[in-house]
Every structure is written in structure tokens, then in C-alpha cells.
Amino acid sequence: MGRVPLYLGAASLFLLLIGLALPHAWERQLHKIGLEMASPFLSIWDHSVKFWDDFELGTKTLNQIQAELKQLRVRNTELAMQNSYLSHLQEENDRLREMLSFRQSSSFRLLSCRVISRDPSNWWSNIYVDVGWGDDSHLSSDLPVVTPRGVVGKTGIIARNISQIILLTNENCKISAMSEVSKDQGLIVGAGTPADNKPYARMIYLPRNAQVAAGERVLTSGLGGVFPAGLYVGSITQVLPLEASRSFGLYREATVDPGVDLTQISEMFIVLPGR
């Protein structure tokens, strides 16, 4: 391929010499013949050069596209991480605003706290928060624990800098409650976690003639002296039929879905004695 220009140059020089030796009338005709003879070679040469130029340009462009694609993938990952972080900050900001608004509008003395640990063997029973009797001398066992969205449970063992919270779904957590519409009263007792892995509670000792229905809200009744009246506990999901095998058929029972998502809880308030 590299010798083609040499051959073309030699042929042109040869034709030139012949043209000088021939009469002037033949020069134009000879020049035309020379062009016709050289045109296929010139065309092939031009196409070859263009092909290699296009090939090199295409290879370069492909490499550039692959490099740009790699950079875009890296940038996309960075933006996804930033978006996730900003979404987390937004959720945290909304949650803290909700907590602050609840505290400002509440008539109770509230001690804010944050979850620092959960019991792996009793995930739906107990959590531990970052306050203790060293933070407030009025902090003791059996105090209500709430969030703006409802009751979490009650305080258990209290140490200097850490406290146990007995969750609403723990069988050891019992709360006097009533249905919001029918005003039927009963006792909320933790029921643990069923097969679908969603913790729930039971409302027991409902009267035989209770008019409670699925979807009805359940509030604390204020009886028992632990939980003040009017705190949201959850909503009734099912009212079980009367059975002799359950409370000798003297009471009805309902299942209750907690108002607080206990899987996502991170901050809460302990209701302290007094106002």
C-alpha cells in the first residue's frame, strides 16, 4: 500500500517524458489517456485512506464512548447515594419536627430519648433507650412511653444512663383502654408476633354486648393510674366471636394493630409524673 504513490509517480513521469517527445497535438490526448489509466488506482487509494481514517475515528469514538459511559455510571452511583442520604435527612427532619410539635402542644412532662439497642432474642418485646435516673430523678418503672403517633409501651428497668422499654406487643405490657366510638372498655395485652411476623396486641375483657368493629380506634382509658386518658394505642383489626373456650364466654376479644410502627421506631418520649 505504501508503494502505490511511488508507482503512480513513476508512471506519471514516464507519460510526461513521452509527452515531451511527442508532437503538441498529441499531448492533450495522451494526458487524457494517462488520467483514465491512473483514475482506478487513485480511486482505490482514496477509498483506502478514507477507510482507515474512518476506522481510526470509529475506534477512537468507541473508546471515548466507553470512557464516558464508565464516568456516567460512577456519577449515577454517586447521585444515587446522595439522593438516599438526602432522603434520609428529610425523613429525619420531618420526624424531629413532628416530635418537637408534639412536645410543644403536649400538656405532659416529656423526657425525650433515643433507641440505642434492641434485645435480639426478644425483638418485639424490649428496647433500650439512652436516658436513665441520672438524667431525671422522676424517671422510674411503669411510666408511659409515647410518640406523636401513639403509645410505644412503658418503662421497665431503670439504670443510671439507660432504661428498658417494654413494648406494647410484649405480653408483660398491659394498658387499660377503650374503643373511641362505642366507648367499650377492655385491657390491651401484648400478643407477640404471629406467623406473618407482624407484632400485634389483644384487647381482652370486652363486654359480651360490646359494639366494637374492625377499623375502630383504641385509646387509653386512664384507668389504673399508669397511662393518662386519650392516648392513641392502635386500631381494631378483628373482633373475635364469643366462645366458651375463651374467658368462659363472658367477654369478647379483639386484635389490635399498634399505631406506632415498632419496626422503625428511633425516638420517643417518656411521660414523667406531674405536669
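This tour moves through the structure one selection after another and states what is found at each stop.

The model is predicted, so local features are described only at pLDDT of at least 70, side-chain atom pairs count only at pLDDT 80 or more, and totals for chains, interfaces and linings use all residues. Residues are numbered from 1 along each chain as its sequence is written, and side-chain values use heavy atoms, with hydrogens and water left out.

**Strand S12 and its partners**

Select residues 267–272, which form strand S12. Helices (H or I, at least four residues) and strands (E, at least two) are DSSP runs, numbered from the N terminus. Six of the six residues of S12 are buried; buried means under 20% relative accessible area, exposed over 50%, and partly exposed in between (1.4 Å probe, protein chains only). In a regular strand the side chains alternate between the two faces of the sheet. On one side of S12 lie Glu 267, Phe 269 and Val 271, on the other Met 268, Ile 270 and Leu 272, and both faces are covered.

Add strand S1, residues 109–118, which pairs with S12 in the antiparallel sense over six bridges. Two strands are taken as paired if DSSP finds at least two bridges between them. Within this pairing, Glu 267 of S12 is the bridge partner of Arg 114.

Next, add strand S3, residues 144–147, which is also antiparallel to S12, with two bridges. Here Ile 270 of S12 stands opposite Val 145.

**Salt bridges**

Remain at Arg 114 and display Asp 130. These two residues form a salt bridge, with the closest N and O atoms 3.9 Å apart. Arg 114 lies in strand S1 and Asp 130 in the loop between strand S2 (126–129) and S3, so the pair ties together parts that are 16 residues apart in sequence. A salt bridge is defined as a side-chain nitrogen of Lys or Arg within 4 Å of a carboxyl oxygen of Asp or Glu, and by this rule the count comes to six. Arg 114 is partly exposed at 43% relative accessibility, and Asp 130 is partly exposed at 29%.

Select Lys 154 and Asp 142 for another salt bridge, in which the closest N and O atoms are 3.3 Å apart. Since Lys 154 lies in strand S4 (residues 150–158) and Asp 142 in the loop between S2 and S3, the pair ties together parts that are 12 residues apart in sequence. Lys 154 is buried, with a relative accessible area of 14%, whereas Asp 142 is partly exposed at 40%.

Then turn to Glu 78 and Arg 75, whose salt bridge has its closest N and O atoms 3.4 Å apart. Both residues lie in helix H2, three residues apart, about one turn of the helix. Glu 78 is partly exposed at 36%, as is Arg 75 at 42%.

**A nonpolar patch**

Continue along helix H2, residues 24–105, to Leu 89. Together with Tyr 85 and Leu 86, Leu 89 forms a nonpolar patch on the surface, with about 310 Å² of accessible area in total. Patches are made of residues with over 30% relative accessible area and no salt bridge, with like charges joined within 9 Å and nonpolar side chains (Val, Leu, Ile, Met, Phe, Trp, Tyr) within 5 Å. Accessible areas come from the Shrake-Rupley method with a 1.4 Å probe, and for residues only the protein chains shown count as cover. Leu 89 is partly exposed, at 33%.

**Loop residues**

Select Asn 170, in the loop between strand S5 (163–167) and strand S6 (174–179). With 8% relative accessibility, Asn 170 counts as buried. Its side chain reaches the backbone oxygen of Ser 125 at 3.2 Å. Leaving aside residues up to four places away in sequence, Asn 170 touches Trp 124, Ser 125, Asn 126 and Gly 190; contact means heavy atoms within 4.5 Å.

Move to Trp 123, in the loop between S1 and S2. Trp 123 is partly exposed, with a relative accessible area of 41%. Not counting residues up to four places away in sequence, Trp 123 touches Arg 118 and Leu 167. Trp 123 and Leu 167 are 44 residues apart in sequence and 9.6 Å apart in space, C-alpha to C-alpha.

**Positive phi values**

Finally, inspect the backbone at Lys 183, in the loop between S6 and strand S7 (185–190). Its phi is near 65°, a positive value in a residue other than glycine. Tyr 205, in strand S8 (residues 201–207), also is not a glycine and has a positive phi of about 60°. Tyr 205 counts as partly exposed at 46% relative accessibility.

Notes. Polar contact = N/O pair within 3.5 Å; in protein donor to acceptor, adjacent residues only side chain to side chain.
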